[in-house]
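This report walks through a single structure, part by part, for a reader who is meeting it for the first time. Please look over the sequence and the model before reading on.

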Amino acid sequence: MRFDLVTIFPEYFEPLNLSLMGKASDAGVVDIAIHHLRDVTTDRHRTVDDTPFGGGAGMVMRPDIWGRCLDNLLDDEIPTDTSDKDGTVGHLSDDGTEDQGQKPPQVDPSTQRRVLAIPSAAGVPLTQAIVEDLASASHIIVACGRYEGIDQRVADHYRQRDVEVLEFSIGDYVLNGGEVAALVLVEAVARLLDGFMGNPHSLEEESYEGGLLEYPVYTKPREWNSLPVPDVLLSGNHERIRQWRLMRAIERTVERRPDLLTKIDPASLGSAGRERLASLGYALGAPGQVSRLTLREAHIDEGDALADLAARTFPLACPESLPREAIDAFIAEELSPQAFASMLASPHSHRILVAQIDGQLVGYTLTLLGEPESVPAGIAKMRGVGTGGAYLSKCYVDAQWQGSGIAGALIERAAEDAASLGARFLVLGTNEANARAQKFYKRHGFRKVGRRTFDVGGVVNRDVVLVRNLTPDEE
Ligand code: 6GU
């Protein structure tokens, strides 16, 4: 790839001789030439700017000067004179000196992509996606402005010729000129080119790949200034390490760059990742859709809203064989507005947590506390159940949000809530045919301790009974 960097301060580009970039130039992976804009001026003062039409502070760079310089580069002539009267750097070579008069390689015009990149605080934000796209260009010219910028007609004119023009910004702050941004662009693009990286694997797992910021990294010593390396990284358990890194990446992204969440593919996070995200207040819906999610206790006046939600969601967990009338009878009896109102009126024995998006309830858990009423008699007697437990009676999420991690975030909240109120375990029953629910509960630390029957509108259903310990010290 050929880069032509045009500037009135060529010394800014001396760092391009360093490190991997210097090696890439030597190896011919990139061909970087620096050009002094003043070399195409004809007046005694080598003027490149003038006062702005319309008034205002500062100076604007003249389009005719830029045009002469850019025409030279685009017509693939020998680059403008790079003699180093002012310390100008020309084509870079091994020792960082210039290779005078080295002609850029000719490219097939049918496949070449020519880009004129113009750094500007008013440009589009440069992103990894843009950088990846630029990596397939054959020729990138970077026109570094100073003062108030370059006359707009330069960008407009070359856009009309077969040149892609990119006015880009490297962040929301103001620089004195485009040179630093040009260095940023060259480095970001060049490192993607074949043959640039010593270890191409280091390109694989990086910030912005998969849409998340990179996880924190550690090396020796194991303890430094009383700060230990997280134990999991020393465990040798690759799956645990992968999960830990994913969780830290999610937390960082939420904390530092929540704007990036819209670009995440929910599938790339896995269930645990989506649940972590939900517990931090973000639910991923349709592609590109991120919704703010609130997890909280139900309010005393939410009986009707809860009854609606319960009526929508209860059927989702019933086996196909269950008649609609039985489901409706159960809803009318157990999940009515009055039933919820009375549960909400006894918050010490009935804990209801809700998930809310855009003012709507989209999920809830109902936990019964305070034995002996909390745990159904059939379950209380089971081996492995013990005393001092809470009964997770309901955990439901609207169909539209299933798979978004909301249920996982809710159940973790419910477990914390029950533990904080003294419960030593959480127990539940779920239909034995509902493999999805069982898998979900097992992922959340539940294990099967038995079976029971469960009456839905007069029809007997077979449930498995699952228990999760809430006292980490025991077990
Ligand atoms: Cl590309 N140029 C200037 N002058 N200021 C900037 C910038 C570019 N990006 C952020 N600030």
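Ser-291 lies in strand E11, which covers residues 290-297; helices (H or I, at least four residues) and strands (E, at least two) are DSSP runs, numbered from the N terminus. The model is predicted, so local features need pLDDT of at least 70 and side-chain atom pairs count only at pLDDT 80 or more, whereas totals for chains, interfaces and linings use all residues. Residues are numbered from 1 along each chain as its sequence is written, and side-chain values use heavy atoms, with hydrogens and water left out.

Ser-291 counts as buried because its relative accessibility is 12%, where buried means under 20% relative accessible area, exposed over 50% and partly exposed in between, with a 1.4 Å probe and protein chains only. Apart from neighbours within four places in sequence, Ser-291 is in contact (heavy atoms within 4.5 Å) with Gly-281, Tyr-282, Ala-283, Ile-357 and Trp-401.

The next part is helix H4, residues 153-160, which contains His-157. With a relative accessibility of 36%, His-157 counts as partly exposed, and its C-alpha atom is separated by 8.9 Å from that of Gly-67, 90 residues apart along the chain. Val-154, Ala-155 and Tyr-158 of H4 are buried. Seen down the axis of H4, the buried residues fall within an arc of 95° (taken from the directions from the helix axis to the C-beta atoms), so they line one face of the helix. Arg-153 and Gln-160, on the other side of H4, are exposed, while the buried residues of H4 pack against helix H2 (63-74), E5 and E7.

The ligand is surrounded by residues that include Pro-119, Ser-120, Phe-168 and Leu-175, a residue being near if one of its heavy atoms lies within 4 Å. Three residues have polar contacts, that is, pairs of N or O atoms within 3.5 Å, with a nitrogen atom of the ligand, as listed here.

| Residue | Atom of the residue | Distance to a ligand nitrogen atom |
|---|---|---|
| Ser-169 | polar side-chain atom | 3.3 Å |
| Ile-170 | backbone N or O atom | 2.9 Å |
| Tyr-173 | polar backbone atom | 2.5 Å |

Taken alone, the ligand exposes 290 Å², of which the protein buries 94%; these areas come from the Shrake-Rupley method with a 1.4 Å probe. Strand E5 (114-125) and strand E7 (164-169) are the elements that give two or more residues to the shell around the ligand, and E5 gives the most, with three residues.

Terms used
Polar contact = N/O pair within 3.5 Å; in protein donor to acceptor, adjacent residues only side chain to side chain.
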